[in-house]
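Please walk me through this structure. Start with a single strand pairing, then widen the view to the ligand and the whole chain.

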Amino acid sequence: MEHKTIAILGAGNVGSTLGAAWAPLGHTIIYGVRDPGHERHNSVAQTARGARIVSIPDAARQADLIVLAVSWASVPKVLQECGNLDGKTLIDVTNPLSFENDIIALTKGFNTSGGEDVQRLVPKAHVFKTLNQASFTVMGQISGYPTKPVMFVAGNSAPHKSQVLSLVSQLGFDARDAGPIESCRFLEPYAMLALEQYVKYGADSSHAFAFMKRQQGDEIVEYIAYQLTQHTPDAFLASYTTACQFLDSAPQCLGYELTQCADDANRFILRIRWQSAPAHLEGFRKGPHFPPFLAAIKDYIPEITQMCHYLPTPLVRVKQGL
Ligand SMILES: NC(=O)c1ccc[n+]([C@@H]2O[C@H](COP(=O)([O-])OP(=O)(O)OC[C@H]3O[C@@H](n4cnc5c(N)ncnc54)[C@H](OP(=O)(O)O)[C@@H]3O)[C@@H](O)[C@H]2O)c1
């Protein structure tokens with residue numbers, strides 16, 4: 001992974017979260033703020049591994065990759081302060097919102113967008129709208145989701161876009177190209193939908209959108225039940241910890257879950273989702289991941305009480321997690 005110097009303009013919720021997430025990956029963070037000497041920035045600098053806190057023009061000068069993480073109202077002034085941004089990559093995380101009488105509203109739509117305004121203000125910069133479609137809570141910890149949260153990236157320059165997609169993926173998002181800068185007309189209302197869920201409809205701010213591909217076409221589920229009579233549960237779990245690494249790396253395996261009976265610790269059920277029966281029986285069983293998988297668990301084969309493939313039925317409801 002190539003390490004970058006990233007200037008983040010704005011050290012508020014989003015700016016500080018992104019700096020804290022990128023710095024441990026080896027990127028150098030420079031914050032550009034309007035009051036660099038203010039003590040509230042000390043902890044932000046610390047969480048981004050000793051990031052420098054400088055003025056907005058200084059930060060913009062010191063990096064080719066700039067993140068615009070300020071309030072929408074301050075965008076024109078902040079961009080003007082940056083000076084020459086020609087040729088630089090500008091990641092615009094803002095949403096064009098107004099906050100009149102405590103009512104949050106989207107101020108652009110249909111035939112233009114905030115992202116296009118930003119591109120017009122700095123016409124020779126490579127502007128990308130992204131990281132505007134989820135809360136900073138999501139950006140700070142992208143783990144524990146059953147499917148990777150999606151994050152779209154809109155902007156014009158293909159070579160620079162791949163760099164932005166990579167930075168977004170490094171945070172843990174399913175980063176996807178949403179087309180040119182005009183696609184901000186879709187991405188900003190879509191961000192507003194998330195915001196309304198958070199502020200009006202009771203979704204806590206860890207909720208995130210996912211963009212999922214159906215996989216059950218030929219998907220099958222394998223259940224393997226064990227009744228341990230010769231081995232201890234601890235030994236069994238240790239062996240499966242090794243074996244599961246080979247399920248992790250086998251592309252035919254869509255996921256698995258090993259559960260232990262709450263009433264009898266010697267009983268286990270392993271559930272494995274496979275792309276299809278041939279993918280399991282031909283692809284996995286005849287591929288490179290099966291021999292080391294089998295080697296790790298072969299001692300337990302005599303303790304298997306059931307091993308069958310099951311097909312999905314229409315009665316499926318995913319309520320949480322699995
Ligand atoms: N909150 C979210 O979950 C979220 C998610 C996605 C996108 N966004 C968007 O990301 C942007 C930042 O949101 P946030 O939640 O991080 O906001 P925030 O916590 O209120 O931080 C806003 C930042 O903008 C700076 N700022 C405001 N006016 C300025 C000015 N005139 N000159 C220079 N800097 C100025 C503030 O600096 P001071 O500290 O000096 O006041 C602060 O660093 C917004 O456009 C928002 O729509 C937010």
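Which residue in strand 9 is the bridge partner of Lys-129? The partner is Ala-154. This is a predicted model. The pair belongs to a wider pattern around strand 9, and that strand is a good place to begin.

Strand 9 covers residues 150–155. On one side, strand 9 pairs with strand 8, residues 126–129. The sense is antiparallel, and the pairing runs over two bridges. Strand 9 also pairs with strand 10, residues 174–177. Here the sense is parallel, and there are four bridges. Within this second pairing, Phe-152 stands opposite Arg-176 of strand 10.

The link between the parallel strands has a defined hand. Strand 9, helix 7 and strand 10 form a β-α-β unit, and the unit is right-handed. Helix 7 spans residues 158–170.

Is strand 9 largely enclosed or open? Of its six residues, five are buried, so the rest of the structure largely encloses strand 9.

Now step across to strand 8, where Val-127 sits. Val-127 has 28 other C-beta atoms within 10 Å. A residue counts as buried at 20 or more, so Val-127 is buried. Its contacts, leaving aside neighbours within four places in sequence, reach several parts of the chain. Leu-90 and Asp-92 are among them. So are Gly-115, Val-118, Gln-119 and Val-122. Gly-155 and Ile-181 complete the list. Lys-161 lies 34 residues from Val-127 along the chain, and their C-alpha atoms are separated by 9.1 Å.

Leu-121 gives another setting. It is found in helix 5, residues 114–121. Is Leu-121 buried or partly exposed? It has 17 C-beta neighbours inside 10 Å, so it counts as partly exposed. Not counting residues up to four places away in sequence, Leu-121 touches Pro-76 and Leu-79. Asn-95 is 26 residues from Leu-121 along the chain. The C-alpha atoms of these two residues are separated by 16 Å.

Next comes the ligand. There are 23 residues around it. Which of them come nearest? They are Gly-12, Asn-13, Val-70, Ser-74 and Thr-94. Two elements give two or more residues to this shell: helix 1 (13–22) and helix 4 (75–82). The largest share, three residues, comes from helix 1. By chemical class, the shell divides into ten nonpolar, ten polar and three charged residues.

Finally, take the chain as a whole. The protein chain has 322 residues, and 34% of them count as buried. It holds eleven helices and 14 strands. The domain assignment gives two ranges: domain 1 (5–199) and domain 2 (220–310). How far apart do the C-alpha centres of the two domains lie? The separation is 43 Å. Along its principal axes, the C-alpha trace spans about 70 × 40 × 40 Å.

One last figure concerns contacts along the sequence. Consider contacts in the protein chain with a separation of 6 or more. Residues 24 or more positions apart account for 70% of them.

Notes: Residues are numbered from 1 along each chain as its sequence is written. This is a predicted model: local features need pLDDT of at least 70, side-chain atom pairs count only at pLDDT 80 or more; totals for chains, interfaces and linings use all residues. A residue is near a molecule or strand if its C-beta atom, placed from the backbone, lies within 6 Å of it. Ala, Val, Leu, Ile, Met, Phe, Trp, Tyr, Cys and Pro count as nonpolar, Asp, Glu, Lys and Arg as charged, and the others, Gly among them, as polar. A residue is buried if 20 or more other C-beta atoms lie within 10 Å of its own, exposed if 12 or fewer, and partly exposed in between; C-beta atoms are placed from the backbone. Two strands pair if DSSP finds at least two bridges between them. A crossover is right-handed if, with the strands pointing away from the viewer, the path from the first strand over the helix to the second runs clockwise. Two residues are in contact if their C-beta atoms, placed from the backbone, lie within 7 Å. Domain bounds come from an automatic or database domain assignment.
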